[in-house]
There are 2 protein chains.
Amino acid sequence: MKKYSRILKKCPLFDGIEEDDLFRMLNCLGATVKSFDKKYAIFAEGDPAKYIGIVLSGSVQIIQNDYYGNRSILSSIESAQVFAEAFACAGLSTIPVTVIANEPCEIMLIDCNHILQVCSNNCKFHNKLIFNLMKDIAVKTIIFHQKIDVISKRSTREKLVTYLFQQSKKAQSDSFDIPFNRQELADYLEVDRSGLSVEISKLKKEGIINNQKRHFVLL
Amino acid sequence: MKKYSRILKKCPLFDGIEEDDLFRMLNCLGATVKSFDKKYAIFAEGDPAKYIGIVLSGSVQIIQNDYYGNRSILSSIESAQVFAEAFACAGLSTIPVTVIANEPCEIMLIDCNHILQVCSNNCKFHNKLIFNLMKDIAVKTIIFHQKIDVISKRSTREKLVTYLFQQSKKAQSDSFDIPFNRQELADYLEVDRSGLSVEISKLKKEGIINNQKRHFVLL
DNA sequence: TAAAATCTGTTGAATTTTCAACAAAATGGA
DNA sequence: TCCATTTTGTTGAAAATTCAACAGATTTTA
């Protein structure tokens, strides 16, 4: 477990918790680590909303599939970030999404009940943990706001431009990489892939952006 | 303040807190109550992310306007519900939305810093309050999931049907009222109002739904 | 390394949405 | 109650998206 020390320090769930306390707490919480191959479903829709996940290495995508087979990507979760934390906390019995390993992953799993039900041993850290969890979920809410800001736009072009501005702001640079390939970006923006390719080409021709694969530059 | 007792008991933020403790706590938190006329902006985009609001009477809408003037309705907040709680908790300095009184409203305002920074007087309730806040924000995340589930659909008809199913499930009945008029529903579904009217008419003709103003029945 | 599989950009046709305009119905205020 | 305003449903034209199909480029894997 110690070997994940560096990455766990970056996890917002453990902000302000000292390393010694952290590992004692993880032990108390019954945290486990599992590895997943690329494209493997870490959680599937309908699974019990029991565990929260922390990405130790690799990255995962949160996916929603509707009954017509349309894939919708809700978000991309990078290393040190938490996922599936809102479902158990909100009292859902099952999770409404699928979580897919985007590449080979190591994932820490913690039973959410161990966080929500205060135990007698380590209450000092426990309240801090719940506070951190609250902040983490609040940040996720903001990320959903941003996603809605993107997909509420009516045209493919506006969705794309809004998304690229957001990514540029996040990277604090006009030059940045996105975590999606074309089909995935289309599934995030909720548009047709071929129409998306057309818009990217147009924006390039108009001298508004530069692009090569996953790398974009705003001009 | 006592006259709001009945409604405050329903507020998820105060779950499990006794009435006496509640009013002592509200006093400690410096909670105030303000009235707003219909269509008045309780918060405007760019305001400091300082206060959380609780709807004591009336209802409010969370609105996002883009630079093209498209109005997007994020959610409708009914009485006893909390709003604007995620922004301060996530560490935003300003709020990215506008909150409009949908009808004459009484709103309780609480400085979020008073919740986030533990004071020495009432720590016992304070941790409970933060726990409740965490749950409340988690539920809001789920509500955003549902909104994304709706607007990720590609056609007006699918968006409408998905929304109506959600409302039916929420009301636990095939017969229910929605909190929006036609233009507002269009702004929530992110579609054109006239196109929405057409789809509602079609679904009625096809015998799939019944509808009169804000009342819908799934057949 | 070569073959297989996946990813990306392009095109044209079909479908859908948006937009503007209008009239009927419903609502609110004097 | 009556008039003014707002809301709603309908229509046709313009614009945009989706869909299917394909070829070139890239990546994977055997």
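A salt bridge here is a side-chain nitrogen of Lys or Arg within 4 Å of a carboxyl oxygen of Asp or Glu. The model is predicted, so local features need pLDDT of at least 70 and side-chain atom pairs pLDDT 80 or more, while totals for chains, interfaces and linings use all residues. Residues are numbered from 1 along each chain as its sequence is written, chains are lettered from A, and side-chain values use heavy atoms, without hydrogens or water.

**View 1. Salt bridges between chain B and chain A.** Two salt bridges are counted between these chains. In one of them, Asp66(B) meets Lys153(A), with the closest N and O atoms 3.8 Å apart.

**View 2. The interface.** Let's step back to the contact surface. With contact meaning heavy atoms within 4.5 Å, 39 residues of chain B touch 39 residues of chain A. Because 100% of the interface residues of chain B are also interface residues in chain A, the copies meet through the same surface.

**View 3. The two-fold axis.** Superposed by least squares on C-alpha atoms with pLDDT of at least 70 in both copies, chain B lies on chain A with an RMSD of 0.0 Å after a turn of 180 degrees and a shift of 0.0 Å along the axis. The copies are therefore related as by a two-fold rotation axis. In chain B, the C-alpha of Met134(B) is nearest the axis, 2.2 Å from it.

**View 4. An open sheet in chain A.** Four strands (DSSP E runs of at least two residues, numbered from the N terminus; paired if at least two bridges join them) take the order 1-8-3-6 with antiparallel pairing. Strand 1 (32–36) and strand 6 (82–83) are at the edges with a single partner strand each, so one side of each has no neighbour in the sheet.
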